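Here are some short exercises to work through with the structure beside you. Try each task before you read its solution.

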Amino acid sequence: IQRFLSDTRKKFETTMFFADNAKTVQLGAKLQFNKALMREKIDAKVSGGVAILSGNVSSQAAIRTAVKIARETSGIRCVQNWLKVGPPLNEDEPWRQ
């Protein structure tokens, strides 16, 4: 029985991993191709049905739009919003985050 439970848990974790990756891609595409957000650099990740948004955007309206899109995405149960209004983060300078 112990082995069965271990195998079942591994299958579940693998399924969740692929489901989270699919949701991350889906949410990222929705954010990237939204007309109001096309110029924004928003990092999105989904883990266990929780969407995590981070990065700097140009306005509060952009934050509201991104959070709304995440909330409306199928399979996302809640949204952690770490977006801030500010200049775009330079990928060559990660210490500025």
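**Exercise 1.** How many residues does the largest nonpolar core have, and which have the most contacts inside it?

*Solution.* Start with the ground rules: this is a predicted model, where local features need pLDDT of at least 70, side-chain atom pairs count only at pLDDT 80 or more, and totals for chains, interfaces and linings use all residues. Residues are numbered from 1 along each chain as its sequence is written, and side-chain values use heavy atoms, leaving out hydrogens and water.

Next, the term: a nonpolar core is a set of buried Ala, Val, Leu, Ile, Met, Phe, Trp, Tyr and Cys residues joined through side-chain atoms within 4.5 Å. Buried means under 20% relative accessible area, exposed over 50%, and partly exposed in between (1.4 Å probe, protein chains only).

Now the result: the largest core has 16 residues, and L27, L31, L37, I42, L53, A66 and L83 have the most contacts inside it. Two or more residues come from each of α1 (2–32), β2 (50–57) and α2 (60–72). The top contributor is α2, with six residues.

**Exercise 2.** Find the order of the elements from the N terminus on.

*Solution.* Helices (H or I, at least four residues) and strands (E, at least two) are DSSP runs, numbered from the N terminus. The chain has two helices and three strands, in the order α-β-β-α-β.

**Exercise 3.** Which side chains meet in a salt bridge?

*Solution.* Look for a side-chain nitrogen of Lys or Arg within 4 Å of a carboxyl oxygen of Asp or Glu. The pair is E72 and K68, at 2.9 Å, N to O. These residues are about one helical turn apart because they lie four residues apart in helix α2. E72 is exposed at 52% relative accessible area, while K68 is partly exposed at 48%.
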